[in-house]
Amino acid sequence: MLCDGRMVCGCADPYGKRVLGDARAETVSAIWTGPRASTLRQDINAGGSKFCGDCPLKLPLAKSDAPPQRGTDVGTLPTRLYIECTAACNISCAQACCAPETGITRTRTAGMLDFDLFQRVVDEAGPSLGRIDFFNYGEAFLHKRAIEMCEYIKSRFPAVYLYTSTNGLAFSEDQARRLIRSGIDEVTFSIDGATPETYAQYRRRGDFDKAIRNLRAAADEKARTGRDVPFINWRYILFTHNDSDQEMALARATAQEIGVDRLCWELTDHPENMFSRRFVPGSDALLAIKHEVWDDNNLGNAIPGATPRAEIAVRGAAGPLPLVARRGRQLTVKTTVRNASTRAFPAQASYGRRLVRLGAQLCSADGSILNRDFERAWLPEALQPGAAAQVPMTITAPAEPGRYGLKFDLVSEGIDWFEACGSPTTTKTLLVV
Ligand SMILES: C[S@@+](CC[C@H](N)C(=O)[O-])C[C@H]1O[C@@H](n2cnc3c(N)ncnc32)[C@H](O)[C@@H]1O
Ligand code: SF4
Ligand code: SF4
């Protein structure tokens, strides 16, 4: 939803060119199920729609390829919503489509999202939503009631995963602390550089020291109040002017010192004269930081030692000896799990995500996965860095006798498997008799 109430299709429409409806005049449900959206779904299943125009999210379809089919029974309301408070920004990122000089605010018929409209849309869509992305183009926290909106969403619909991305420059330290207490699930600070000079080359008119002060206040408030939400990211876009080993090492050290949850690098291809020439696809430099890149996985972390890493040993099944179970019967597998990273693995989470559990994936004899969520076991308590715990897991053997594989990995629930960020897994043969 743009800040004037129009609903556009997808998050890649900065100038509001692909409008599905207008929440000022219609309900969300009417837009979601209305003729424009319904026809669009049918046209896409038929191979494409004129409506999409130059949308960058459009994927080319080879003449010989049949269009992939998506269900058109999408319920009465969406499950995910982006909310744009404003398209205005207090800085001007170099050549960005949302920089004020582009005239982006003139493509909206309102400067700031009306609070009553916001409430109406959230009240209606809230019950069906799994996630709200509380940002789009512009800097959301220029809206005077943005933090109040976050509080409203989390008080009305606590189960909705609420996420935002901010340049961190539109609020005071007190407001940053209030945002942390709002119940928001995840906050990303966009800070592309580790010094004021390099930072301001892309984030023009940006104040590095202020962004870092607010990031520090946010991390401090989370620690001070003993909260496990929000998860706080520092996202750092790599450019030629900030991608030296020295500067990246400074960012790693600063993030660690501040107590940020995750530092991640972002790769970009624009602006043309700025994007990193060092970290390009296929380069050794990129390979070395692969797991620390935002889009690679959801757990990797550029803070030294903070990328989750576990060692899983299956006791009583040394070497090549298989685990043996009777078909359909239970078998308790004794494992020892060690935390080989510098961050604790939480055994519980107040909001049901990011707790770490041991998972067993059922594989066929050739290693292909049959059931990724075959079994789970809880950690007995938070596993501190360097510590090990015994984690028994009771599985029910498949009904079909034969040779299988059991692949053990830790999983950060709702986020990712540890394997995705390079943590080793342990596989044992399971003989079902
Ligand atoms: C358009 S901004 C809006 C939110 C907020 N103003 C901010 O800067 O985080 C949304 C996301 O786009 C990212 N972004 C900005 N410039 C980019 C670029 N040249 N390449 C890739 N991502 C970029 C930001 O870092 C941010 O995560
Ligand atoms: S490609 Fe079409 S359907 Fe997909 S987001 Fe863009 S406008 Fe919407
Ligand atoms: S701070 Fe965010 S909204 Fe503002 S110009 Fe940069 S990327 Fe765009």
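Guide: Welcome! Two strands pair if DSSP finds at least two bridges between them, and strands are DSSP runs (E, at least two residues), numbered from the N terminus. This is a predicted model, in which local features need pLDDT of at least 70, side-chain atom pairs count only at pLDDT 80 or more, and totals for chains, interfaces and linings use all residues. Residues are numbered from 1 along each chain, chains are lettered from A and ligands numbered from 1 as written, and side-chain values use heavy atoms, without hydrogens and water.

Visitor: Which residue is the bridge partner of Asp133 in β6?

Guide: Strand β5 covers residues 131-133 and pairs with β6 in the parallel sense, over three bridges. In β6, Asp133 has as its bridge partner Tyr163.

Visitor: And which residue of β7 stands opposite Tyr163?

Guide: Strand β7 spans residues 186-190 and runs parallel to β6, with four bridges joining the two. Opposite Tyr163, in β7, stands Glu186.

Visitor: Why is β6 largely enclosed by the rest of the structure?

Guide: From β6, Tyr161, Tyr163 and Ser165 point one way. Leu162, Thr164 and Thr166 point the other way, and all of these are buried (under 20% relative accessible area, 1.4 Å probe, protein chains only). Strand β6, residues 161-166, is largely enclosed because its buried residues number six of the six.

Visitor: Which charged residue is in the shell around ligand 3?

Guide: The residues around ligand 3 (a heavy atom within 4 Å) include Cys89, Ile91, Cys93 and Cys98. Also there are Gly138 and Asn167. By class, this shell has four nonpolar, two polar and one charged residues, and the charged one (Asp, Glu, Lys or Arg) is Arg203.

Methods. Buried < 20%, exposed > 50% of the residue type's maximum accessible area, 1.4 Å probe, protein only.
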